[in-house]
Amino acid sequence: HVLLGSTRYPFSVQGGYAAAQQGRLWRSHYPALLGLLLVLGAAAALACRWQIRRASSPRAELRRALEADEFLPYFQPVVRQGDYRWAGAEVLMRWNHPQEGLVRPDLFIPYAEHSGQIVDMTRALMMHTAQSLAPYAGLLEDGFHIGINITADHCRDLSLLDDCRTFLQHFPHGRVVLTLELTERKLIEPTPVTLELFEKLHAMGVMIALDDFGTGQSSLNYLRQFKVDYLKIDQSFVALIGADALSVHILESVIELSAKLGLGIVAEGVETAAQRDYLARHDVDFQQGYLFAKPMPAAQFLEALAARPGATQLPQRTPPEIMRG
Ligand code: C2E
Ligand code: CA
Ligand code: CA
């Protein structure tokens with residue numbers, strides 16, 4: 001409603017509609033336009049809401065990271081009893097996040113396991129590992145163990161067989177022994193499919209290690225059902241070496257048990273020379289821990305392998321290319 005008065009003449013002009021009439025006019029003259037505006041507004045609001053939710057959901061973020069190839073293998077050597085030479089390495093996942101930098105696995109693996117995305121992520125990690133190591137397979141001694149962590153989700157069907165086969169095809173026969181590390185975080189049911197999977201993995205020469213041994217309740221059941229080849233003693237037990245007598249008894253019983261069952265033992269989280277010497281005195285086959293080496297990227301791992309006394313020199317490629325690989 002507009003009212004314009006003149007300063008020079010005694011006139012004023014009044015225009016517009018009465019208060020309630022405007023809405024009535026819109027409704028009678030532009031019903032289609034009004035409806036369209038409402039629909040477009042609602043659609044835009046829904047689209048914004050969907051985008052915002054999508055961008056912030058952890059599932060979508062993991063999928064994006066997988067497509068962008070942000071999950072990298074880090075390698076932590078496992079040394080053998082006696083000469084402490086590298087007998088293998090465990091592959092540990094790291095997330096090379098564009099904003100956050102390098103993210104530790106305990107911050108995202110539990111969610112990846114919960115959402116079932118861990119299977120695709122592990123497949124990508126195995127491909128990455130094979131492609132990083134295969135050109136330098138000459139640096140690995142025959143039977144070099146590569147440990148990959150798997151979870152209960154991998155045991156629901158037989159697709160892990162193909163993943164393992166593809167991995168091993170990258171290397172000359174017998175060069176690499178693939179060891180799957182199984183944790184007890186999510187219970188693995190001994191279904192016919194799972195038992196068939198483990199049978200076929202064994203037939204392919206793939207080894208099974210029981211990870212974090214002693215921390216779950218199902219360890220002994222697992223040993224019976226899945227024909228385990230190695231036990232990995234959890235680092236919480238290794239940390240007890242030198243502590244009270246009771247803890248040391250537990251550790252010694254685990255070592256004794258695995259010897260009786262004919263299983264290999266790997267002790268994890270070895271940080272001190274005292275722990276190393278204690279484990280050596282008790283004939284533990286393999287050790288892994290910061291005392292020997294921390295997990296490292298592929299380039300550093302290959303360079304360390306090449307620098308070992310007796311190692312053949314780095315073949316085929318020069319170090320800057322390794323950095324990219
Ligand atoms: P884990 O399989 O028990 O791996 C050993 C963890 O102990 C690694 O932590 C390693 O860096 C750490 N560690 C090794 N030596 C020492 C030591 O001397 N002292 C101490 N304090 N720690 C040591 P990381 O890399 O942070 O991995 C944590 C866990 O995340 C792993 O525990 C494993 O359960 C899980 N994880 C890592 N990568 C993968 C993966 O590719 N798939 C799945 N499913 N889980 C993974
Ligand atoms: Ca492990
Ligand atoms: Ca472990």
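**Exercise 1. Nonpolar cores**

Identify the largest nonpolar core, the residues with the most contacts inside it, and the helix that gives the most to it.

Solution. The largest nonpolar core of this predicted model has 75 residues, and the most contacts inside it belong to L180, L182, L201 and F301. Helix 5, spanning residues 118-133, gives the most to this core, contributing 7 residues. Next, take F301 and leave aside its neighbours within four places in sequence: F301 is then in contact with F75, W86, A89, L133, F144 and M296. Another core lies apart from the largest one; it has 6 residues, including V78, Y230, V266 and F286.

**Exercise 2. Confidence**

State the average pLDDT of the protein and find a stretch where the pLDDT is below 50.

Solution. The average pLDDT is 89, and 93% of the residues score at least 70. The pLDDT falls below 50 over residues 316-325, a stretch that has 11 contacts in the model beyond near neighbours in sequence.

**Exercise 3. The calcium ion (ligand 2)**

List the protein donors of the calcium ion (ligand 2), give their spacing along the chain, and describe where N149 and E181 lie.

Solution.

1. The donors are E90 through OE, N149 through OD1, E181 through OE and D211 through OD, at 2.2 to 2.3 Å from the ion.
2. Along the chain, these donors follow the spacing E-x58-N-x31-E-x29-D.
3. N149 belongs to strand 6 (residues 144-150) and E181 to strand 7 (residues 176-182), so the pair ties together parts that are 32 residues apart in sequence.
4. Buried means under 20% relative accessible area. E181, with a relative accessible area of 5%, is therefore buried, while N149, at 25% relative accessibility, counts as partly exposed.

**Exercise 4. The calcium ion (ligand 3)**

List the protein donors of the calcium ion (ligand 3), then name the residue that coordinates both this ion and the calcium ion (ligand 2).

Solution.

1. The donor atoms come from D211 (OD), D212 (OD) and E268, which is listed twice through OE; they lie 2.2 to 2.7 Å from the ion.
2. The donor residues show the sequence spacing D-D-x55-E.
3. D211 coordinates both ions, which are 4.1 Å apart.
4. D211 is buried, with 4% relative accessibility. D212 is also buried, with a relative accessible area of 18%.

**Exercise 5. Positive phi values**

Give the phi values of D69 and D212, and place each residue in the fold.

Solution. Most residues other than glycine have a negative phi. D69 has a positive phi of about 60° without being a glycine. D69 sits in the loop between helix 3 (58-67) and strand 3 (71-80), and with a relative accessible area of 44% D69 is partly exposed. For D212, phi is positive too, near 55°. D212 lies in strand 8 (residues 207-213) and is one of the donors of the calcium ion (ligand 3).

**Exercise 6. Cysteines**

State how many disulfides the structure holds, and explain why C155 is not bonded to C164.

Solution. The structure holds 0 disulfides. To count as a disulfide, two cysteine sulfur atoms must lie within 2.5 Å. The closest cysteine sulfur to that of C155 is in C164, at 10 Å, which is too far for a bond. C155 is buried, having a relative accessible area of 3%. C48, in turn, counts as partly exposed at 46% relative accessibility.

**Exercise 7. Two histidines**

Describe the locations, accessibility and contacts of H282 and H145.

Solution.

1. H282 is in the loop between helix 11 (273-281) and strand 11 (286-287), and is partly exposed, with a relative accessible area of 28%.
2. With neighbours within four places in sequence left aside, H282 is in contact with E252 and I255. The side chains of H282 and E252 make a polar contact of 3.3 Å.
3. H282 and E256 are 26 residues apart along the chain, and their C-alpha atoms are separated by 9.1 Å.
4. H145 is found in strand 6 and counts as buried at 18% relative accessibility.
5. Leaving aside neighbours within four places in sequence, the contacts of H145 are A87, G88, A89, V177, T179 and Y230.

Conventions
Residues are numbered from 1 along each chain as its sequence is written. Chains are lettered from A and ligands numbered from 1 in the order in which they are written. This is a predicted model: local features need pLDDT of at least 70, side-chain atom pairs count only at pLDDT 80 or more; totals for chains, interfaces and linings use all residues. Side-chain values use heavy atoms; hydrogens and water are left out. Donors are N, O and S atoms within 2.8 Å of the metal (3.2 Å for Na, K and Ca); water is not among the atoms, so sites may look incomplete. Helices (H or I, at least four residues) and strands (E, at least two) are DSSP runs, numbered from the N terminus. Buried means under 20% relative accessible area, exposed over 50%, partly exposed in between (1.4 Å probe, protein chains only). pLDDT is the predictor's confidence in each residue, from 0 to 100. Contact means heavy atoms within 4.5 Å. A nonpolar core is a set of buried Ala, Val, Leu, Ile, Met, Phe, Trp, Tyr and Cys residues joined through side-chain atoms within 4.5 Å. A polar contact is a pair of N or O atoms within 3.5 Å; within protein, one must be able to donate a hydrogen and the other to accept it, and residues adjacent in sequence count only if both atoms are side-chain atoms.
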